[in-house]
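Q: Hi! I've just opened this one and would love a quick tour of the strands and the surface. Can you walk me through it?

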Amino acid sequence: MRQRFTAPLLLCLLILGQFILSTAFAQSDLDDEAKSLIVMVNGYWGDSESLGAGIVFGAQRGRLYIATADHVIRPRENNFQEVETVEVEFFFRPGEVFTAEVLRPLSEGLDLAVISMPIEGTDIFPSQFPFHRFGDNFVLERSDQMFTVGQGGGRAWNTLRGLVNILENEEGFIDLQFSDVTRGDSGGAVFSEAGEL
């Protein structure tokens with residue numbers, strides 16, 4: 001009797017294994033696409049360094065535009081003075097570093113900065129960025145899964161998964177709490193489990 005169930009059991013295990021692998025690869029592809037929107041941002045002044053991440057949100061007239069946290073560009077340790085040099089690195093171009101320019105502050109009340117990088121003469125093109133990941137028709141609920149992408153602990157494209165904890169939702173702003181975010185994640189992104197930013 002035992003041999004009679006061996007072939008069907010093996011077939012079930014094979015199908016289950018293929019499903020698990022295909023799900024893992026699909027999640028990996030989604031993660032990689034999301035990471036393509038995120039750059040690692042390093043700011044330098046003297047012998048000191050500021051770590052963070054940024055979100056590529058547009059390209060125009062031969063330049064790429066990246067949003068990041070203002071305190072990555074004007075760190076507290078530097079008395080909120082702008083860093084001397086800003087460098088960015090792209091997920092699909094590991095190990096290559098590009099110099100970016102800090103644009104003027106947007107608002108004193110927002111921890112938000114924009115940096116810009118020329119892409120003419122480089123092999124970086126707007127079509128390489130999955131701008132369709134900018135979701136505008138979804139709502140995060142407290143029980144939803146999310147993942148973040150940043151440079152937490154100095155680990156480039158560090159990805160963390162967890163449940164959304166919505167602290168406040170007023171005037172179009174959503175405050176999310178994620179306990180594992182660390183230094184270096186500032187300026188990074190929060191994605192829904194479906195990969196919407």
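Q: How many bridges join strand β2 to strand β3?
A: Happy to help! Keep in mind that this is a predicted model. Strand β2, residues 48–60, is joined to strand β3, residues 63–68, by 6 bridges, and the two run antiparallel.

Q: Nice. Which residue of β3 does Gly 54 stand opposite?
A: Gly 54 has Thr 68 of β3 across from it.

Q: And what about β1 and β4, in which sense do they pair?
A: Antiparallel, over 6 bridges: β1 covers residues 38–45 and β4 covers residues 85–90. As one pair to look at, Tyr 44 has Thr 85 in β4 as its bridge partner.

Q: How many bridges are there between β4 and β5?
A: There are 3, again with antiparallel pairing. Val 88 stands opposite Phe 98 of β5.

Q: So what do the 6 strands close into?
A: A barrel, with the order β1-β2-β3-β6-β5-β4 and antiparallel pairing. From one strand to the next, the twist averages 40 degrees.

Q: Switching to the surface: which residues make the nonpolar patch?
A: Leu 106, Leu 110 and Leu 112 make it, and the patch is about 250 Å².

Q: Where is Leu 112 placed?
A: Leu 112 is in the loop between β5 (98–102) and β6 (113–118).

Q: Why does Leu 112 count as partly exposed?
A: Because its relative accessibility is 33%, and partly exposed covers what lies between the buried cut-off, under 20%, and the exposed one, over 50%.

Technical notes
Residues are numbered from 1 along each chain as its sequence is written. This is a predicted model: local features need pLDDT of at least 70, side-chain atom pairs count only at pLDDT 80 or more; totals for chains, interfaces and linings use all residues. Side-chain values use heavy atoms; hydrogens and water are left out. Patches are made of residues with over 30% relative accessible area and no salt bridge: like charges are joined within 9 Å, nonpolar side chains (Val, Leu, Ile, Met, Phe, Trp, Tyr) within 5 Å. Accessible areas come from the Shrake-Rupley method with a 1.4 Å probe; for residues, only the protein chains shown count as cover. A salt bridge is a side-chain nitrogen of Lys or Arg within 4 Å of a carboxyl oxygen of Asp or Glu. Helices (H or I, at least four residues) and strands (E, at least two) are DSSP runs, numbered from the N terminus. Buried means under 20% relative accessible area, exposed over 50%, partly exposed in between (1.4 Å probe, protein chains only). Two strands pair if DSSP finds at least two bridges between them. Axes are lines fitted to C-alpha atoms, for helices over the stretch in contact, and angles run from 0 to 180 degrees between N-to-C directions.
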